[in-house]
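Me: Please take a close look at one part of this structure: the pairings between side chains. I am a first-year student, so explain each term as you go.

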Amino acid sequence: MKDTLQILFGLLGGLAIFIFGMNMMSECLQKAAGEKMKSILALLTKNPVMGVLAGALTTAVLQSSSATTVMAIGFVSAGLMSLPQSISIILGANIGTTMTAQIIAFKISDYIYLFIFAGFAVAYAAKTEKLKNIGQTVFAFGLLFLGIETMGSVMKPLAGSPFFLDLIGKVGNIPVLGVLVGTFMTLIVQSSSATIAVLQNFAQQPAADGVTSILGLAGAIPILLGDNVGTTITALLACIGQAKDAKRTALAHCIFNLSGCLLFIWLIQPFAALIRMISPAGPEVEVISRQIANAHTMFNLVMTLIWTPLLPYMVKIVTALIREGAQPVKDLSAPLYLGSRLTAQPAAALQLVEKEMLHCGEAANGLLADVAGAVRADDKKTALQTLEKAGQIRQLYENLTEYLSDLLTAGSMSEEQAGQAAGILYLLGDLDRIAYLSQEILEMLTDKDKKYKNLKYSKEARKDLEQGLYLIVEMYGEAFRMLVDGDRDRTKKIRKKKEKLLELSLRMRKAHLDRVEKGKCSAKLTKPFYKILNAIDRLSNSCANLADDSYLQS
């Protein structure tokens, strides 16, 4: 019993070290790669073949097909990628994820602690963030292999257990049972790379003759197929609550791996013979780790070659299985591009944030025009509808701010990315202030607090307010276009309009007093009228702040 617990705890501990090292290496590689990740992700908009290559390359960098899959689902949910493009990314991700198994097949056990020490020393002594990330990547690489070595050492006693040998014999002789074991393992661990690492280590345990593997390649392949099926659960979880195309992308991932499993389970013996032919020769226990890695790569490569030309049919299948439903009522508070929380992939997440920020800017532009229109319409119902819209837009800003805060607190950003996120947060503050001031104006117009019953602004007062608000619309339009095209020459136009608005504001205040004196406006409306004018002045300041925002200059 004691030996069994030691084996179990050792296996779980080694697996924990392996997963921790793999996740840490993925995070540090992303930080070290920095903005280069954007160049990789830019390939996603090309043809299917380029999509496959981009998916494979991204997964090789991230060291996780699940991360790439979740990223693709996020992009397609945001409408930044078409369904065929996202599926091509999934196909490539399945190839890229085999890189981990290939690395594990290298026997570097004699150098594990050298990697750990060297990585720690570089990270500890590094003066720059990039060098520190490189050091932490090497350190995590060492931890990854330390976990593998720990699992391998505790598994050795299993090779002499009659009960375990009998159990392995059943798995090896019944392929379906092997597939179920692999699927179940990956469902629990949520990482096919981790379960394949366990499989590689276990298969290296020698049988009674000391030369052959206790599992053998033919016994390992069904478990390998199950590992590939089990990894699809991550994509299915990621698409919960997402758009239809996101669900279709996850379903395509399932179809890819399930179809491969159903095909290869009938070809285990010839497939094993092919893998032995292309793998290094030698005693089975010494080469089986490489054979499993090659089988993993070959399986995904063959299935990608099969499905890439059949991509249009895959699209038709997933579209038929997940049909379009009724279009939901448009809610301005719901982000368009932030369906997935890609906190572990900041380069991708920031791309979505930038798109959402432009969406927020467009919403503010529309809101200001609606406020001016509500003044012109002189209709309380229109003003109340616009007031509700302003509240939804403010909620949108709050949602984006929360998303950015989660990104910053996740700790996966580089200093450059964190600075970019902070700049966006600063800009959002000005956008939220514009929505808040619009609310304030609308509340004064609709007499929300019911302080001025049966009192109405004169036609001349409304015309003055309308003129000031349309000048704000023009100022904001210049600032927003600067946000899009980066043209700093627009700053002069905005400042001139601000000076013009200041003159107009002084004239409007005097004109109101003249109307009160002549009995055209009630004196009781002086306070709310001046509050509206103050809000318009503050709106002009916010527009000028947008023009001067350091984020726009980057």
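Reply: This answer goes through the aromatic rings, then one helix, then the cysteines, and ends with the salt bridges.

The model is predicted, so local features need pLDDT of at least 70 and side-chain atom pairs count only at pLDDT 80 or more, while totals for chains, interfaces and linings use all residues. Residues are numbered from 1 along each chain as its sequence is written, and side-chain values use heavy atoms, with hydrogens and water left out.

Start with the rings. A pair of aromatic rings is described by two things: the distance of the centres and the angle of the planes. Rings of Phe, Tyr and Trp (its six-membered ring) pair if their centres lie within 6.5 Å. Planes under 30 degrees apart count as stacked, over 60 as edge-to-face, and the rest as tilted. Searching the whole structure gives six aromatic pairs.

One of them joins Phe115 and Phe141. Their ring centres are 5.1 Å apart and their planes stand at 75°, so this pair is edge-to-face. The two residues come from distant parts of the chain, 26 residues apart. Phe115 sits in helix α7 (residues 112–125) and Phe141 in helix α8 (residues 129–155). Helices here are DSSP runs (H or I, at least four residues), as strands are (E, at least two), and they are numbered from the N terminus.

How covered are these rings? Buried means under 20% relative accessible area, exposed means over 50%, and partly exposed lies in between (1.4 Å probe, protein chains only). Phe141 has a relative accessible area of 17%, so Phe141 is buried. Phe115 is at 29%, so Phe115 counts as partly exposed.

Now take a pair with another geometry. Phe120 and Tyr124 have ring centres 5.7 Å apart and planes at 20°, so they are stacked. Both lie in helix α7, four residues apart, about one turn of the helix. An α-helix has 3.6 residues a turn, so residues three or four places apart point the same way. Tyr124 is exposed at 68%, and Phe120 is partly exposed at 46%.

Rings can also gather in groups. Phe264, Phe271 and Phe299 make up one aromatic cluster. A ring can also have a charge over its face. The rule asks for NZ of Lys or CZ of Arg within 6 Å of the ring centre and within 35 degrees of the ring normal. Arg509 lies over the face of Tyr530 in this way, 5.2 Å from the ring centre.

Next, a helix with its surroundings. Helix α16 (residues 284–307) has 24 residues. From its first C-alpha to its last, α16 reaches 33 Å, close to the expected 34 Å. That expected span is 1.5 Å times one less than the number of residues. Of the 24 residues in α16, 18 are buried, so the helix is mostly covered. Ser289 lies in α16, and at 1% relative accessibility Ser289 is buried. Setting aside residues up to four places away in sequence, Ser289 touches Ile104, Ala105, Gln200 and Gln204. Contact here means heavy atoms within 4.5 Å.

What of the cysteines? A disulfide is taken as a pair of cysteine sulfur atoms within 2.5 Å, and the structure holds zero disulfides. Cys254 is buried at 9%, and Cys543 is buried at 0%.

Last come the charged pairs. A salt bridge is a side-chain nitrogen of Lys or Arg within 4 Å of a carboxyl oxygen of Asp or Glu. The count comes to 11 salt bridges.

Asp370 and Lys389 form one of them (2.4 Å, N to O). Asp370 is in helix α18 (residues 346–377) and Lys389 in helix α19 (residues 380–410), so the bridge ties together parts 19 residues apart in sequence. Asp370 is partly exposed at 29%, and Lys389 is partly exposed at 23%.

Another salt bridge joins Arg394 and Asp432 (3.1 Å, N to O). Arg394 lies in α19 and Asp432 in helix α20 (residues 415–446), so the parts tied together are 38 residues apart in sequence.

Helix α20 also holds Glu440. Glu440 meets Arg538 in a salt bridge (3.7 Å, N to O). Arg538 is in helix α23 (residues 526–548), so this pair ties together parts 98 residues apart in sequence. Arg538 is partly exposed at 38%, whereas Glu440 is buried at 18%. Salt bridges with shared partners also join Asp464, Arg507 and Arg515 into one network.
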